[in-house]
Amino acid sequence: MTTTTETAATRIDGKVIGGEIRERIAREVAALQADHGVTPGLAVVLVGGDEASQVYVSHKRKASLAAGMESFEHYLDEDTSADELLALIDKLNRDPAVNGILVQLPLPAQISEDAVLAAIDPDKDVDGFHEVNTGRLWNGGSPPVPCTALGCVLLLQHTLGNDLAGRHAVIVGRSNIVGKPLANLLLRENCTVTVAHSKTRDLPGLCRQADILVAAVGRPKFVQGDWIKPGATVIDVGINRLEANADGKRRLVGDVDFTAAAEVAGAITPVPGGVGPMTIACLLHNTVRATCQQKGLPLPAGD
Ligand SMILES: Nc1nc2c(c(=O)[nH]1)N[C@@H](CN(C=O)c1ccc(C(=O)N[C@@H](CCC(=O)O)C(=O)O)cc1)CN2
């Protein structure tokens, strides 16, 4: 059982669901090694000392090693130039031991994110951020899909079953990392999708129409309990770090007021422990997939 009911709403446990995916990937990696002598290699590049990014990169390293992959980390100084970073990406693109490349975002201001993402070989783009891959996604192909968006869909399928068709999904947030790719994935599932943003009129009223409500705005507790349709499924993508309490501990909160929302929703993801762990599990999934495609091997069963 991967969900627990402790409030009115079912709590969707991304740690457990992501853990099951990671176990499946570890088995796939073991089979690649045993059957083909291939070990997937993931290169992660971090520029600068952003505290949250350091945590995420360290999680990625541990998760890829635990799955039996090779992990190559590159830590560059905050004042690294765009040319230096592009030279590293070029090297990783040509390295046969590296099957997946990920540059941790955000980047320092002197480096153009667009130029860096465009420099990654689309076949090694395990983030799915390269414009070739976003184009393929919108044209109905099956490129690597941005990890957080894919994680949201897997959580929804786990909670609601594979039949999401006909449900009205409202996504609050239109980023390239989450909102836009998720809109595409939910359209593929035959949801009716509305993407809302800061200029949307009567946002609470719109959210109240949602069977599936996804909050990805980066504002702590932005979505209120009375914005939620009774029984709706709520996916909270936000990870907001609040100042420390009197106990000195820093707190993470989502974009949804969890306590109020859980009184109304049918199911809801917590923060932490909801979407975040799925992002890392989906990165490993994309890396195995990229490896198989580069080596001309069949994708693991069930892909
Ligand atoms: N190149 C990329 N950069 C960024 C991405 C991305 O997908 N690719 N997404 C986010 C950060 N991110 C992955 O990089 C990420 C965020 C959160 C988690 C996670 O496991 N969160 C935990 C809490 C962890 C903590 O802070 O203590 C949770 O929600 O339970 C993993 C990955 C921006 N950059």
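**Overall architecture and ligand environment of the predicted model**

Of the 303 residues of the protein, 44% count as buried. The structure described here is a predicted model, and its secondary structure comprises 10 helices and 12 strands. The C-alpha trace extends over about 50 × 45 × 40 Å along the principal axes. A compact globule of 303 residues would be expected to have a radius of gyration near 19 Å, and the value computed for the protein, 19 Å, agrees with this.

The domain assignment divides the protein into domain 1 (37–122) and domain 2 (146–274). The C-alpha centres of domain 1 and domain 2 are separated by 28 Å. Annotations from the UniProt record, an unreviewed entry, can be set beside this assignment. In that record, residues 12–127 carry the feature "domain: Tetrahydrofolate dehydrogenase/cyclohydrolase catalytic". This span is 51% helix and 16% strand, and its end C-alpha atoms lie 24 Å apart. The feature "domain: Tetrahydrofolate dehydrogenase/cyclohydrolase NAD(P)-binding" is placed by UniProt, again in an unreviewed entry, at residues 146–294. For residues 146–294, the helix content is 36% and the strand content 17%, with the end C-alpha atoms 19 Å apart.

The ligand is surrounded by 21 residues, of which Tyr56, Leu105, Pro272, Gly276 and Thr279 are the closest. By residue class, the shell around the ligand consists of 14 nonpolar, six polar and one charged. Helix H2 (51–66), strand E5 (100–103), helix H6 (147–160) and H10 each contribute at least two residues to this shell. Because both domain 1 (37–122) and domain 2 (146–274) give residues to the shell, the ligand lies between them.

Helix H10, one of the elements that supply the shell, was examined further. H10 covers residues 275–295, and at 1.5 Å a residue its 21 residues should span 30 Å; the end C-alpha atoms are 31 Å apart, in agreement with that expectation. Of these 21 residues, 18 are buried, so H10 is largely enclosed by the rest of the structure. Just after H10, Gly296 adopts a positive phi of about 70 degrees. Leu299 is also located in the segment after H10. With 13 other C-beta atoms within 10 Å, Leu299 is partly exposed, since a residue counts as buried at 20 or more such neighbours and as exposed at 12 or fewer. Leu299 and Glu28 are 271 residues apart in sequence, yet their C-alpha atoms are 9.5 Å apart in space.

Helix H6, a further contributor to the ligand shell, contains Gln157. Gln157 has 14 other C-beta atoms within 10 Å and is therefore partly exposed. Between Gln157 and Ala281, the C-alpha to C-alpha distance is 15 Å, with a sequence separation of 124 residues.

A "binding site" annotation in the UniProt record (unreviewed entry) covers Gly173, Arg174, Ser175 and Ile239. Among these annotated positions, Gly173 is situated in the loop between strand E6 (168–172) and helix H7 (179–188). Gly173 has 23 C-beta neighbours inside 10 Å and therefore counts as buried.

Note on methods
Residues numbered from 1 in each chain as written. Predicted model: local features only at pLDDT ≥ 70, side-chain atom pairs only at ≥ 80, totals over all residues. Helix = DSSP H or I, 4+ residues; strand = E, 2+ residues; numbered from the N terminus. Expected span 1.5 Å × (residues − 1). Near = placed C-beta within 6 Å. Nonpolar A, V, L, I, M, F, W, Y, C, P; charged D, E, K, R; others polar. Domains from an automatic or database assignment. UniProt positions renumbered as here; feature names shortened; annotations may be inferred. Rg over C-alpha atoms; globule rule 2.2 N^0.38 Å.
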